[in-house]
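Before reading on, please take a moment to look at the sequence and the model side by side. The report is meant to be read with both in view.

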Amino acid sequence: MGILCHLSECFIECSRPIEKRIPKKTVHVRVKMDCDGCVKKVKNAVKDMEGVESFTVNQKLQRVTVTGNVDAKEVLDGVKSTGKTADNWPFVPYNLVTYPYAQGAYDMKAPTGFVRNVPQAVGDPKSPEMKVMVLFNDDNPNACSIM
């Protein structure tokens, strides 16, 4: 029975026009939520959207994460339809950037452990500083073993 269901899903997906097919992805949206009522409004708006497989609403981080066959603009518009202030998630984890204190990256309003996603914070892999940093990296198999 499982293989028949899988085959029917494949035929349904192939019959859709190419412009309607949206690949599975994860969309992060920053939403201003003050209370449990705000969280409930946002949850109801997101769960009724087409293509949503899973979602999480984090009031502490003020973030909504939606996974599925959805478009980022549609998710943003759906969240904005609740009357809440929303925009795309502009932050990346602190440990993924090379220069977290670069101009424009450090933000006092960012959640703990996050910095703004700006090009100045990501180092050029061909620069001399990055080559020296990789030389003593524990993940590098050819790294210096003296230390």
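The text below goes from the whole chain to its helices, then to a pocket, and finally to a few single residues.

**The chain as a whole**

The model is a predicted one, and its protein chain holds four helices and six strands. Read from the N terminus, these elements follow one another in the order α-β-α-β-β-α-β-β-β-α. The chain has 147 residues, of which 29% count as buried. When contacts with a separation of 6 or more are considered, 52% of them join residues that lie 24 or more positions apart.

**Two helices and their buried faces**

Helix H2 covers residues 36-47, and its twelve residues reach 16 Å from the first C-alpha to the last, which is close to the 16 Å expected at 1.5 Å a residue. Which residues of H2 are buried? They are Cys38, Val39, Val42 and Val46. Looking down the axis of H2, one finds these buried residues within an arc of 100 degrees, and therefore they line one face of the helix. A general rule helps in reading such a pattern: an α-helix has 3.6 residues a turn, so residues three or four places apart point the same way. On the face of H2 that is turned away from the buried side sit the exposed residues Asp36 and Lys40. The buried residues of H2 are covered by parts of the chain that include strand S1 (25-31), strand S2 (52-58), strand S3 (63-68) and helix H3 (72-80).

In helix H3, the buried residues are Val75, Leu76, Gly78 and Val79. Seen down the axis of H3, they fall within an arc of 160 degrees, so here too the buried residues line one face of the helix. These residues of H3 pack against S1, H2, S3 and S4. Glu74 also has its place in helix H3, but this residue is partly exposed, with a relative accessible area of 43%. Although Glu74 and Met49 are 25 residues apart along the chain, their C-alpha atoms are separated by 8.7 Å.

**The second largest pocket**

The second largest pocket has a volume of about 190 Å³. Its lining is made up of 13 residues, and those nearest its centre are Arg30, Val31, Lys32, Gln62 and Asp87. Both S1 and strand S4 (86-88) supply at least two residues each to this lining. Sorted by character, the lining residues of the pocket divide into seven nonpolar, two polar and four charged.

Gln62, one of the residues nearest the centre of this pocket, is placed in the loop between S2 and S3. Gln62 is partly exposed, with a relative accessible area of 22%. What is the sign of phi at Gln62? It is positive, at about 60 degrees, although Gln62 is not a glycine. As a general background, most residues other than glycine have a negative phi.

**Three residues and their partners**

The table sets out three pairs of residues by their distance along the chain and in space.

| Pair | Apart in sequence | C-alpha to C-alpha distance |
|---|---|---|
| Asn88 and Leu76 | twelve residues | 7.3 Å |
| Gln103 and Val118 | 15 residues | 8.7 Å |
| Phe114 and Tyr94 | 20 residues | 4.8 Å |

Asn88 is found in strand S4, and at 43% relative accessibility it counts as partly exposed. Leaving aside residues up to four places away in sequence, Asn88 touches His28, Arg30 and Leu76. Of these partners, Leu76 is among the buried residues of H3, while Arg30 is one of the residues nearest the centre of the second largest pocket.

Is Gln103 buried or exposed? Gln103 counts as exposed because its relative accessibility is 72%, and its place is in the loop between strand S5 (91-93) and strand S6 (114-116). Setting aside residues up to four places away in sequence, Gln103 touches Val118 and Gln120.

Phe114 lies in strand S6 and is buried, with a relative accessible area of 16%. Not counting residues up to four places away in sequence, Phe114 touches Leu61, Arg63, Trp89, Phe91, Val92, Pro93 and Tyr94.

Conventions: Residues are numbered from 1 along each chain as its sequence is written. This is a predicted model: local features need pLDDT of at least 70, side-chain atom pairs count only at pLDDT 80 or more; totals for chains, interfaces and linings use all residues. Side-chain values use heavy atoms; hydrogens and water are left out. The expected span of a helix is 1.5 Å times one less than its number of residues. Buried means under 20% relative accessible area, exposed over 50%, partly exposed in between (1.4 Å probe, protein chains only). The arc is that of the directions from the helix axis to the C-beta atoms. Contact means heavy atoms within 4.5 Å. On a 1 Å grid over the protein atoms alone, a cavity is a set of points where a 1.4 Å probe fits but cannot get out, and a pocket is an open set with protein on both sides within 12 Å along at least five of seven lines; lining residues have an atom within 4 Å of a point. Grid points are joined across faces, edges and corners, and a volume is the space filled by probe spheres set on the points. Ala, Val, Leu, Ile, Met, Phe, Trp, Tyr, Cys and Pro count as nonpolar, Asp, Glu, Lys and Arg as charged, and the others, Gly among them, as polar.
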